[in-house]
Amino acid sequence: MDWLSSLRGAIDYMEEHMQEPIGPEEVARAVHLSQFYLQKGFQIITGCSLGEYMRNRRLYLAALDLLAGEEKIIDIAYKYCYQTPESFAKAFARFHGFPPSRIKREHLSIRPYLPFKIKITIQGGKNVDYIIEKMDSFKVIGFQQEIPMERGYELCPRFWDKVKEDYMGALCQGKKAENAVERAVKECCIGLFGVCLDDEKNPGAFTYMIAGHYDGRPVPDGLAVREIPAATWAKFRAQGPLPGSLQTLNSQIFQEWLPGNEQYELAFPVNVEVYPSSEMGPDYECFIWLPVVEK
């Protein structure tokens, strides 16, 4: 199943199971994609998360059922997977602007939320600057944080700002490393990589690492080590001020390159950002690596 077919299949699967307590794991399994790439791609292309899509669709369908007047509010709440009528009423009011009890009595207008129809016009996918390269496995060491899928473009730059303020800034300006964490930052070049990894404990989030090459040293408290498997990588190049140039490239990969290429598909749920220099500027060059396999 190609990339666009998988996304459309995910929407079809969710539409068929709106009255069942499914989550990203079940949707991803149904379309044979990893949760990580399904949620990342869905968020980039549609502008909302899988969870947000299902929640909004359920609340719209619930409003239609209430307008039909054949079911009680409590029955509709359970029908659309809410555990209590109270939680349903709060979610309904946030979405539609009024509680479910008022919908028929006052003839209020509901907020429409129709099924998504994914249509992509391939404009530049074939012109994305990339190479294909095989690499052995390697280990990275760095700081890590759990990031909600829908807030990646907001929270990843904030995470970088904090690590730069706490560690990287002073060390780059010549400060002597005074503890194990600072020595690792300096000697392992932490900041070379930004690594996105599947978060198995939280399907609505991913683990983001600000990392460098791991050299086998004891791992200081506050840092983590991950191994990146051997793979064939599609290595994409971005040029311009950060974070805008990298975020634009990331969107272009999922909106244009993946739908438009006929040779490769995603291999496993990891992607790597590479920042070769700490000297930022308007023409800064950086990279996104994605593991791929031939179709």
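In this predicted model, C189 sits in the loop that runs between α8 and β3. Its backbone stands out a little: phi of C189 is near 55°, a positive value in a residue other than glycine. With a relative accessible area of 45%, C189 counts as partly exposed, because that class runs from 20% to 50%. Another cysteine tells a similar story. C81, in the loop between α5 (73-79) and α6 (85-96), has a positive phi near 75°, and its relative accessibility of 28% makes C81 partly exposed as well.

Loops also hold a cis peptide bond, from L242 to P243, with omega near 0°. P243 belongs to the loop between β6 (231-239) and α9 (244-260).

Then there is α7, which isn't straight. Helix α7 covers residues 152-172, yet its end C-alpha atoms are only 26 Å apart, short of the 30 Å that a straight helix of 21 residues would reach. A kink of about 60° is centred on K164. The buried residues of α7 are G152, L155, C156, F159, W160, V163, M168 and L171, and their cover includes α8 (180-187) along with the strands β2 (138-148), β3 (193-198), β4 (205-213) and β8 (270-274). After α7 comes G174, with a positive phi near 105°.

Towards the other end of the numbering, α2 (residues 24-31) packs on α3 (residues 35-46) at an angle of about 100°, with the axes 9 Å apart, so α2 is roughly perpendicular to α3. On the α2 side the contact is made by P24, E25, V27, A28 and V31, and on the α3 side by Q35, L38 and Q39. By class, that gives five nonpolar, two polar and one charged residues.

Key. Residues are numbered from 1 along each chain as its sequence is written. This is a predicted model: local features need pLDDT of at least 70, side-chain atom pairs count only at pLDDT 80 or more; totals for chains, interfaces and linings use all residues. Side-chain values use heavy atoms; hydrogens and water are left out. Helices (H or I, at least four residues) and strands (E, at least two) are DSSP runs, numbered from the N terminus. The expected span of a helix is 1.5 Å times one less than its number of residues. The bend at a residue is the angle between axes fitted to the seven residues ending there and the seven starting there. Buried means under 20% relative accessible area, exposed over 50%, partly exposed in between (1.4 Å probe, protein chains only). Contact means heavy atoms within 4.5 Å. Axes are lines fitted to C-alpha atoms, for helices over the stretch in contact, and angles run from 0 to 180 degrees between N-to-C directions. Angles under 35 degrees count as roughly parallel, over 145 as roughly antiparallel, 65 to 115 as roughly perpendicular and the rest as oblique. Ala, Val, Leu, Ile, Met, Phe, Trp, Tyr, Cys and Pro count as nonpolar, Asp, Glu, Lys and Arg as charged, and the others, Gly among them, as polar.
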